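I opened the notebook to go through one chain, element by element. The entries follow the order in which I looked things up.

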Amino acid sequence: MALRAPSRSTTLSPISFHRPTPTDPQLGGGTTRRSDHPDWVLLHKSARIISGHRNTTTAGCHTTEGQAIEASFWLVDPPGVSYFSVHCPGLSNEDFADEPYVLCAEAALVLFSVAFVPVPRGRWISTQHFVYRAGWGSPSLHLIPDPGKVRRGDLFGLLPFAGTTGHYAVVFLNRHFTAGDKAWRFEVHAFSSVTRSWSSKAPILSGLSEDDQQSLLKHYATCKQIMVGATSLGWVDLFRGILLLCDVFGECPVVKYIPLPASRVCQTDEDGHPYIAPWYCCDNDLIKFVEIEFDDPDRRTLGNQGWKATTWDRTIAADDWRRRFTVDGANISVDPSYSDLLPAGLWNDGTGKLELKKLIFYTPTLSKHDDSFHYVMCKANNVDGKAWVITLDMEHAAVEAVAPYSTRGCLLVSWHCPCAFPKYLDLNPGDDVTMHSKRIGVADFVLQVLLIRDWFKELGN
């Protein structure tokens, strides 16, 4: 499947919340987390619009028109998929022009947009932006004032302020190109939660070489925003590299460009779109990504394809990327006990093993906690909505965990957003988020999944 704009008509289903039992292989040993919430989650980007369902994550505020709005998160440990919901008392599905959608997430923050049908009908759709903040007391939801300058295709980002204040900046990078110009023109617009106001700056482009500027003139297919260090943001171009905005809080932010590894193979379809979007993340100033390369990319949607997964990393100051792990799918060991969770037909009588290459693989994701782990969505076919999220241990070439998932109505190139905000829930001012970690047991994890499954059952009824 080529890279396209993510679907906003996703239909979430209770099938995503498979009821595990204490003997399920993916539950063995539990997972490390703090308090009663996961330390991080794989969050489905599209929200469900519901009424009357709340939990301890629920937070609310008001829209530009004064309409009450609430956001809630339904969390489960990876590789299970978590969801969020939006509720506006008095409004129905017909009052929303599209499903609420996550734009980006950093630390305790999640930025999402909500598109409302205009009243009276026939006017422009009202797209409003909200920041959900976990921790520092009860969770909170903040409406971001409309700067009046946001245009389709602008690059959004989130930057938490240093310390334990819970304050943040919402940043968007406006790009425009005038005929005759030799490069893009950039404008940085930043909203501060301290001043509750927007400011605008023109970044310095002196950090761009002539080759970099030529690269930025070409088609830019942005798949993800990443926070780089404490004061910089990056936006990833799937074809060429990372557009880096440095020193966002300074008087003169600087635009730089980090090319992708020269040896990397970007496999595209007949329209020139990447088959699978590599997943990027950043730990302080260490940028990391994982991608999958197929032996025969033209036939990858048929399954039974050989593939290799590779992870890369580099710092901003480094001259090049470093290849960390490369794993051949044919060499990944799968414990036979996973056969009850995975689709039928993976068993090879000749080798006496389960073969992952018979599955169709989609966008991989790096773990928020361990560089050697990554998560990948896979399906047995393109007909039904059944899918599985598999945790792969890259260092030991083994399947670590499996969780069922439903893909009905969604494209799998951009289905999720890894988020760390759950570990900030219930934090009080001055608390250290790295403290008080504990091990969740099998019974607690089972209860967590069952509660979310029951909530979706109630919603379906």
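I set the burial classes down before anything else: buried means under 20% relative accessible area, exposed means over 50%, and partly exposed is what lies in between. I then looked up tryptophan 198. Its relative accessible area is 22%, so I logged tryptophan 198 as partly exposed. I note that this is a predicted model.

**Entry: the whole chain**

I counted the elements next. The chain has 30 strands and 2 helices. It runs to 461 residues, and buried residues make up 55% of them. I looked up the accessible surface, which comes to about 20,000 Å². Carbon and sulfur atoms own 49% of that surface. I also checked how far contacts reach along the sequence. Taking contacts between residues at least 6 apart, I found that 56% join residues at least 24 apart.

**Entry: the sheet S11 to S14**

I traced an open sheet of 4 strands. Its order is S11-S12-S13-S14, and the pairing is antiparallel. Why does one side of S11 and of S14 lack a neighbour in the sheet? Both stand at the edges with a single partner strand each, so one side of each is left free of a neighbour there. I looked up the turn between neighbouring strands of this sheet: 25° on average, direction ignored.

I then took the pair S11 and S12. They run antiparallel and are joined by 6 bridges. One residue I followed was proline 160, whose bridge partner in S12 is tyrosine 168.

**Entry: serine 199**

I stayed in this sheet for one residue. Serine 199 lies in strand S14. Its relative accessibility is 36%, so I logged serine 199 as partly exposed. Which residues does serine 199 touch, leaving aside those up to four places away in sequence? I found Val188, His189 and Ala190. I also looked up proline 147. It is 52 residues from serine 199 in sequence, and the C-alpha atoms are 9.1 Å apart.

**Entry: aromatic pairs**

I turned to the rings. A pair of aromatic rings is described by two values, the distance of the centres and the angle of the planes. The structure holds 15 aromatic pairs. I looked at phenylalanine 161 with phenylalanine 249. The centres are 5.3 Å apart, the planes stand at 85°, and the pair is edge-to-face. This pair links distant parts of the chain, 88 residues apart. Phenylalanine 161 sits in the loop between strand S11 (155-160) and strand S12 (168-176). Phenylalanine 249 sits in the loop between strand S17 (241-246) and strand S18 (254-259). I checked burial for both. Phenylalanine 161 has 24% relative accessibility and counts as partly exposed. Phenylalanine 249 has 38% and also counts as partly exposed.

I moved on to phenylalanine 172 and tryptophan 198. Their ring centres are 5.6 Å apart and their planes stand at 70°, so I logged the pair as edge-to-face, for which the planes must be over 60 degrees apart. This pair also links distant parts of the chain: phenylalanine 172 is in strand S12 and tryptophan 198 in strand S14 (residues 197-201), 26 residues apart. Is phenylalanine 172 buried or exposed? I found 0% relative accessibility, so phenylalanine 172 counts as buried. Tryptophan 198, at 22%, is partly exposed.

I noted a cluster too. Ring pairs link Phe73, Phe84, Phe112, Phe130, Tyr132 and Phe421.

**Entry: the sheet S7 to S10**

I traced another open sheet of 4 strands, again with antiparallel pairing, in the order S7-S8-S9-S10. Its edge strands are strand S7 (101-106) and strand S10 (140-144), and each pairs on one side only. I looked up the turn between neighbouring strands here: 25° on average, direction ignored. Strand S9 (residues 126-133) and S10 run antiparallel, joined by 5 bridges. I followed histidine 129 to its bridge partner in S10, isoleucine 144.

**Entry: the hairpin S21 and S22**

I ended on a hairpin. S21 and S22 form it, with 6 residues between them. Strand S21 (residues 307-315) and strand S22 (residues 322-328) run antiparallel, and 6 bridges join them. Which residue of S22 is the bridge partner of aspartate 313? I found arginine 322. I also looked up arginine 314. It lies over the face of tryptophan 321, at 5.8 Å from the ring centre.

Technical notes. Residues are numbered from 1 along each chain as its sequence is written. This is a predicted model: local features need pLDDT of at least 70, side-chain atom pairs count only at pLDDT 80 or more; totals for chains, interfaces and linings use all residues. Side-chain values use heavy atoms; hydrogens and water are left out. Two strands pair if DSSP finds at least two bridges between them. Rings of Phe, Tyr and Trp (its six-membered ring) pair if their centres lie within 6.5 Å; planes under 30 degrees apart count as stacked, over 60 as edge-to-face and the rest as tilted. Buried means under 20% relative accessible area, exposed over 50%, partly exposed in between (1.4 Å probe, protein chains only). A charge sits over a ring if NZ of Lys or CZ of Arg is within 6 Å of the ring centre and within 35 degrees of the ring normal. Axes are lines fitted to C-alpha atoms, for helices over the stretch in contact, and angles run from 0 to 180 degrees between N-to-C directions. Contact means heavy atoms within 4.5 Å. Accessible areas come from the Shrake-Rupley method with a 1.4 Å probe; for residues, only the protein chains shown count as cover.
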